[in-house]
Amino acid sequence: MRTLIVLRHAKAVHTPGLADPERPLTECGERDARRVGETFAALGLRPDLVVCSPAVRTRQTAELALPGEPIEFERDIYEAYADELLSLIRGTDPQVRTLLLVGHNPGVHELIMGLTTRLGDPGFPPGAFAVIESDEEWAELDTGRVVTRWSPKDH
């Protein structure tokens, strides 16, 4: 059994003139990122590996959700399409049982939709995460089932 946690960065500022990768979280985004970590703990979710876009808002989200945990920053996550994210996931070491990917929409949302073929999906707002389980090895990952979905808007 493999567990993939897909987390969209929490709410970020929109400041004219600030480069997109440099956008930090808002105060609300910082609170939501901490709530993500609290929810992970309550659900017993502890990733073996965290891969994260290097953008400021994703870094902050991962660091606030999992303080002190090692995080691997992967440049290819920034602006990645779902198929590119899936290729990255398929390269995960087979020893990893639980993988957390921290990224951006629309790629992370499309990844979830593609792996789970969910219809009528409500979207994937900032700070949302989905927990997907699959019996497939990372290298062959093609389908999964959503076992938990969480959004700060709903909690």
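Two helix axes count as oblique when their angle falls outside the ranges for roughly parallel (under 35 degrees), roughly antiparallel (over 145) and roughly perpendicular (65 to 115). Keep that in mind as you explore this predicted model. Here, helices α1 and α2 pack at an angle of about 45°, and they are therefore oblique to each other. Let's look at this helix pair, then at strand β5 and the loop that follows.

**The helix pair**
- Helix α1 covers residues 27-43 and helix α2 covers residues 56-65, with their axes 7 Å apart.
- The crossing of α1 past α2 is right-handed.
- On the α1 side, the meeting residues are Glu30, Ala33, Arg34, Val36 and Gly37, while α2 brings Thr61, Leu64 and Ala65.
- Sorted by class, this contact has 4 nonpolar, 2 polar and 2 charged residues.

**Strand β5 and its partners**
- Most of β5 is covered, with 5 of its 6 residues buried.
- β5 pairs with strand β1 (residues 2-8) in the antiparallel sense, over 6 bridges.
- Look for serine 134 in β5, the bridge partner of arginine 2.
- β5 and β6 also run antiparallel, joined by 5 bridges.
- One bridge to find here links alanine 130 with arginine 149 in β6.

**Aspartate 135**
- Aspartate 135 sits in the loop between β5 (129-134) and β6 (145-150).
- Aspartate 135 counts as exposed because its relative accessibility is 60%, and the cut-off for exposed is over 50%.
- Setting aside neighbours within four places in sequence, aspartate 135 is in contact with Met1 and Arg145.
- Valine 102 is 33 residues from aspartate 135 along the chain, and their C-alpha atoms are separated by 22 Å.

How values were computed: Residues are numbered from 1 along each chain as its sequence is written. This is a predicted model: local features need pLDDT of at least 70, side-chain atom pairs count only at pLDDT 80 or more; totals for chains, interfaces and linings use all residues. Side-chain values use heavy atoms; hydrogens and water are left out. Helices (H or I, at least four residues) and strands (E, at least two) are DSSP runs, numbered from the N terminus. Buried means under 20% relative accessible area, exposed over 50%, partly exposed in between (1.4 Å probe, protein chains only). Contact means heavy atoms within 4.5 Å. Two strands pair if DSSP finds at least two bridges between them. Axes are lines fitted to C-alpha atoms, for helices over the stretch in contact, and angles run from 0 to 180 degrees between N-to-C directions. A crossing is left-handed if the near helix is turned anticlockwise from the far one by less than a right angle, and right-handed if clockwise. Ala, Val, Leu, Ile, Met, Phe, Trp, Tyr, Cys and Pro count as nonpolar, Asp, Glu, Lys and Arg as charged, and the others, Gly among them, as polar.
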